[in-house]
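This report goes through one chain from its overall make-up to single residues. The sequence and the structure come first, and the description follows.

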Amino acid sequence: MDTFDYTVPVCNDNPCYVNDLILGIWDSVVNSILPTFIICIFSLIILIRVHYQKRRVVNTRNQWRKQRKMAIQLIFNSTLYLIPNIPLNVLMLAHLCGLSEDVGIEAQLEFDFLCYFAIFLYPLVCLGFISQLQKKIQWKRLFLLLRPQRNPIVAPQ
């Protein structure tokens, strides 16, 4: 019969194959650390390429507006992915290199949950870049930064 510890924040966070040394290292490196590293490097390469190509060809303004929009979308999407994943992967790599499992366990749990939270933010980030939607929605009212102005009501006394 299973016994449950309700004081632990995550019930059996790691899958059972992580206890095997080779499979655990393979899973951590190939499925977490390597994709984060590849996304970070290739996002930087794309941004550098767009920057140098913009400096080389100056006369095509309309095309650069689209590429600027693409670069901004790339920055927002990759940072939304990388902010929780980079610290989580650094902790994983440190644990694989011999750091005690007790070090950084709270931070690892927090970043683990932030990775799931980022999934819910992706649709909002993507909606923010639809130009027709940007024109229709009044973003300041949506986030309650400005209240709608009310016309004063004049009533007889």
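Helices and strands are taken here as DSSP runs, a helix having at least four residues in state H or I and a strand at least two in state E, with numbering from the N terminus. On that basis, and bearing in mind that the model is predicted, residues 71–93 are 100% helix and 0% strand, with the C-alpha atoms at the ends of the span 30 Å apart. Residues 29–50 are likewise described as 100% helix and 0% strand, and their end C-alpha atoms are 30 Å apart. Both spans appear in an unreviewed UniProt entry, where the annotation "transmembrane region" covers residues 29–50, 71–93 and 113–133.

**The chain as a whole**

The secondary structure consists of five helices and zero strands, so that the order of elements, read from the N terminus and with helices defined as above, is α-α-α-α-α. Of the 157 residues in the chain, 17% are buried. The accessible surface amounts to about 13500 Å², and carbon and sulfur atoms account for 65% of that area. Among contacts with a separation of 6 or more, 67% join residues that are 24 or more positions apart.

**A nonpolar patch on the surface**

A nonpolar surface patch of about 1100 Å² is formed by twelve residues named here in full: Leu21, Ile22, Ile25, Val29, Leu34, Phe37, Ile38, Ile41, Phe42, Ile45, Leu93 and Leu96. Helix 1 (21–56) and helix 2 (61–96) each contribute at least two residues to the patch, and helix 1 gives the most, with ten residues. One of the patch residues, Phe42, is placed in helix 1. Phe42 counts as partly exposed because its relative accessibility is 49%, which lies between the limits of 20% and 50%.

**Two polar residues in helix 2**

Asn85 has its place in helix 2, and Ser78 is also located in helix 2. Asn85 is classed as buried because its relative accessible area is 12%, and Ser78 is buried on account of a relative accessibility of 11%; the cut-off for this class is under 20%. The side chains of these residues approach backbone oxygens, as the table sets out.

| Side chain | Backbone oxygen | Distance |
|---|---|---|
| Asn85 | Tyr81 | 2.8 Å |
| Ser78 | Leu74 | 2.7 Å |
| Ser78 | Ile75 | 3.3 Å |

Which residues does Asn85 touch, not counting residues up to four places away in sequence? With that exclusion, Asn85 touches Thr36 and Cys115.

**Val103 in the loop after helix 2**

Val103 is found in the loop that lies between helix 2 and helix 3 (105–127). At 40% relative accessibility, Val103 is counted as partly exposed. When residues up to four places away in sequence are left aside, Val103 touches Leu91 and His95. Val103 and Leu91 are separated by twelve residues in sequence, and their C-alpha atoms are 8.8 Å apart in space.

**Drawing the description together**

The predicted model thus presents a chain of five helices without strands, in which Asn85 is buried at 12% and Ser78 is buried at 11%, whereas Phe42 at 49% and Val103 at 40% are partly exposed.

Technical notes. Residues numbered from 1 in each chain as written. Predicted model: local features only at pLDDT ≥ 70, side-chain atom pairs only at ≥ 80, totals over all residues. Heavy atoms only, no water. Patch = residues over 30% accessible without salt bridge, like charges linked within 9 Å, V, L, I, M, F, W, Y side chains within 5 Å. Areas by Shrake-Rupley, 256 points an atom, 1.4 Å probe, with all protein chains shown as cover. Salt bridge = Lys/Arg side-chain N within 4 Å of Asp/Glu carboxyl O. Buried < 20%, exposed > 50% of the residue type's maximum accessible area, 1.4 Å probe, protein only. UniProt positions renumbered as here; feature names shortened; annotations may be inferred. Contact = heavy atoms within 4.5 Å. Polar contact = N/O pair within 3.5 Å; in protein donor to acceptor, adjacent residues only side chain to side chain.
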